[in-house]
Amino acid sequence: MLSVKEAENIIFNLAKPLNNQQDIETVDLFTATGRILASPVTSKLDFPHWDNSAMDGYAVIYQDVKQASEEKPAVLKLVEDIPAGYQPQSNIQSGQAARIFTGAVMPKGADTVVMQENTRREANQVFILAAPKPQEFVRYRGAYYQAGTELLPAGIKLNPPEIAILAASQCTKLNVYRRPRVAILSTGNELVTPDEKLQVGQIVDSNQYALAALVKQSGGEPLMLGIIKDEPEALKQAISQAISKADLVLSSGGVSVGDYDYVEQILASLEGEIKVRAVAMQPGKPLTVATFPISNSPIYFGLPGNPVSALVSYLRFVQPVIKKLSGIVEGWKPTFIKAQIRQNLSSNGKRETYIWGKLNLVDGVYQFSVAGGNKSSGNLIDLAQTNAFAVLEVGKLSVNVGEEIWVLQV
Ligand SMILES: Nc1nc2c(c(=O)[nH]1)N[C@H]1C(S)=C(S)[C@@H](COP(=O)(O)OP(=O)(O)OC[C@H]3O[C@@H](n4cnc5c(N)ncnc54)[C@H](O)[C@@H]3O)O[C@H]1N2
Ligand code: MOO
Ligand SMILES: [Mg+2]
């Protein structure tokens, strides 16, 4: 059995980002939030676009006012009013100034802005009551960004700040990576859909819904292949169909040692190369990972059937893979946070143990509270409102209230 770290190494190395030429689509700025930029963006605009004022005040020539003080104000003649959006006409000469407002274009000749609070106005004269610093309160053209240089690199996620930058740069059509396609199938003779009436022994296929929701949250496009019976022929057909159209395939169930656990044997019959069989973690021990000897082989994840186990295996291994595939360069790995625990935790120490619960920020400190209820990996009911898993490494038998522990954020 592989350790979690060994499995992680194998799995994360199998994941190759989508192709930045072929696997792209063009989207409008309005629908680009959360997408991953596939090509770098440059802008034809300088930022700021023009030399402009950072204050409401007066545009002056520094030499005229450098000795100004309350006792000996510099007195300047106002030649123009320059509101934002207006193109100045004047060329400021020594002894002159222009009234100017925040964001308005600097007039020719002026090099400094004196804020209104340090002036006194009398008709068309302004008294400068304090010497500014040279070039004070002028935002120079190109000081933040020069046209033609790289504005945003490829491989970043477009969050609200990037959306603002792209809007300001008039970049309204963007090349982004397509979403990784993730085929999802559930295996089990006992499974029914949520709208079917349950017969004795049956159970609703909740994993299909959970996984589809997770895939969307991770930035992938779920392809729902439904419920497949524990029958080798049916499974073989469904799995080979999934392989042919997806970047990743997720099945749940059928990966343990039972007589009806066929997944590994079907993968082998499809020439799958099994990379992972089991991982020393609890829950989530059975996990089958395979690739196929074809170009651009999808990665196959046979997740355990128990609902909590499927969730943990997904978060620990599949989510990072979807993010890596999606072209994002940084931040695709799982996020672990140090948190104080609010209850004693224990494990048998044999496998890396994931305990589900809730992470809260209390007075700036992360705190982890264990979910109530039964701790069986078949109990999905007490997953409600959880958002994290506390992790006890192998050999760690207990952790006491108030101690810090690593927590995997969902
Ligand atoms: N003799 C052993 N038995 C088991 C072992 C073991 O090491 N030796 N491992 C146990 C562990 S740990 C897990 S986890 C499960 C994994 O089982 P499978 O992946 O083979 O899954 P199934 O047997 O098909 O189902 C297990 C359980 O989950 C329910 N299930 C399955 N699919 C769904 C679904 N789509 N939605 C909701 N619930 C689902 C299923 O009804 C079973 O109750 O094996 C242990 N056994
Ligand atoms: O390891 Mo299993 O995944 O306990 O339920
Ligand atoms: Mg089984």
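User: What makes one say that ligand 1 sits in a pocket, and which pocket is it?

Analyst: Ligand 1 sits in the largest pocket of this predicted model. A molecule sits in a pocket if more than half of its atoms lie within 2 Å of the pocket's grid points, and a pocket is an open set of points on a 1 Å grid over the protein atoms alone, where a 1.4 Å probe fits and protein lies on both sides within 12 Å along at least five of seven lines. The model is predicted, local features need pLDDT of at least 70, side-chain atom pairs count only at pLDDT 80 or more, and totals for chains, interfaces and linings use all residues. Residues are numbered from 1 along each chain, chains are lettered from A and ligands numbered from 1 as written, and side-chain values use heavy atoms, without hydrogens and water.

User: Why is the pair between D205 and ligand 1 called a polar contact?

Analyst: A polar side-chain atom of D205 lies 2.8 Å from a nitrogen atom of ligand 1, and a polar contact is a pair of N or O atoms within 3.5 Å, so the pair counts as one. An N or O atom in the side chain of K285 is 2.6 Å from an oxygen atom of ligand 1, so that pair counts too.

User: What makes D261 a donor of the magnesium ion (ligand 3)?

Analyst: Its OD atoms lie 2.4 to 2.5 Å from the ion, and donors are N, O and S atoms within 2.8 Å of the metal (3.2 Å for Na, K and Ca), so they qualify, although water is not among the atoms and sites may look incomplete.

Conventions:
Polar contact = N/O pair within 3.5 Å; in protein donor to acceptor, adjacent residues only side chain to side chain. 1 Å grid on protein atoms, 1.4 Å probe; cavity = no way out; pocket = protein on both sides within 12 Å on 5 of 7 lines; lining within 4 Å.
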